[in-house]
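These notes record what I looked up about one strand and its surroundings. I began with the pairing of the strand, then turned to its burial and to the ligand.

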Amino acid sequence: MLAGIADDVTRSVVDPVIVEAGAGTGFYLARVLAGLRAASLRMAGTGPLGIGTEISVAAARRLAKCSPDVAALVADTWDGLPLADSSVNLVQVVFAPRNAAEFARVLVPGGTLVVAGPGERHLEPLRTEAGMLTPEAGKADRLEAGLAEYFTPGVLHEVDTIVTVPGSIAVDLALMGPSGVHLDRTDLEREFDGREQHVRLHIEARTFHPVI
Ligand SMILES: C[S@@+](CC[C@H](N)C(=O)[O-])C[C@H]1O[C@@H](n2cnc3c(N)ncnc32)[C@H](O)[C@@H]1O
């Protein structure tokens, strides 16, 4: 989904610059860049550049190796991105903090912000059975309100599918993210280990455009 959005919004740009803020190990950024690299073979130019920013040095080390098209920067999104004004065609944020003013500053006019996060059915029924935190209601409205000073909303894209995972992966899913600190691995292993689980993946990605 993210690769498709990136391809769409940078289609007319030669050598687009894509930034992922809070990029983790670069799992998504590498795949977005691979898609753009394949598309760029049709165009003159050196190809796309990906820049991942990360507060974690350990994650940034892995991010630096995720793709030959990706550079890694250690930076706290709240302190600002170490990037020039109007230098980026697309900023993507996947389950990571958002600094609207900074994203607006680094984007070129006509650039795009993509924010991906959990939809309301994400990880069900595991979420309920494992006692994970429930996503807050009205999340989309709050996202728009939080960005409204700098961005106007564009399009909503969704992934909504069910996957079957081994019990051990269900335990890891329950423990990762904000619920992890409240849960006990031994209890979860007792409940889920050795039993395949059907888990819903419900992800929403919203595009936004800088207010002119
Ligand atoms: C849930 S992970 C998502 C990682 C990546 N976007 C992905 O989806 O694979 C959140 C990431 O944001 C990073 N992060 C948290 N706070 C941050 C901050 N203030 N500045 C930069 N990165 C931050 C974390 O280190 C972590 O790698």
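I looked first at strand 1 (residues 17-21), which runs parallel to strand 2 (residues 49-54) and is joined to it by 5 bridges. Two strands count as paired if DSSP finds at least two bridges between them; strands (E, at least two residues) and helices (H or I, at least four) are DSSP runs numbered from the N terminus. I noted E20 opposite G52 of strand 2.

The model is a predicted one, in which local features need pLDDT of at least 70, side-chain atom pairs count only at pLDDT 80 or more, and totals for chains, interfaces and linings use all residues. Residue numbers start from 1 along each chain as its sequence is written.

I then checked the other neighbour: strand 1 and strand 4 (residues 88-94) pair in the parallel sense over 3 bridges, with I18 opposite L90.

I placed these pairs in the whole sheet, an open one of 7 strands in the order 3-2-1-4-5-7-6 with mixed pairing. Strand 3 (70-74) and strand 6 (151-165) each have a single partner strand, so one side of each lacks a neighbour in the sheet.

I next examined burial (20 or more other C-beta atoms within 10 Å of a residue's own, C-beta atoms being placed from the backbone). In strand 1, 5 of the 5 residues are buried, so the strand is largely enclosed by the rest of the structure. V17, V19 and A21 cover one side, I18 and E20 the other.

Finally, I listed the ligand's surroundings: of 17 residues around the ligand (C-beta atom, placed from the backbone, within 6 Å), G22, G24, I55, T77 and V94 come nearest.

Key
A residue is buried if 20 or more other C-beta atoms lie within 10 Å of its own, exposed if 12 or fewer, and partly exposed in between; C-beta atoms are placed from the backbone.
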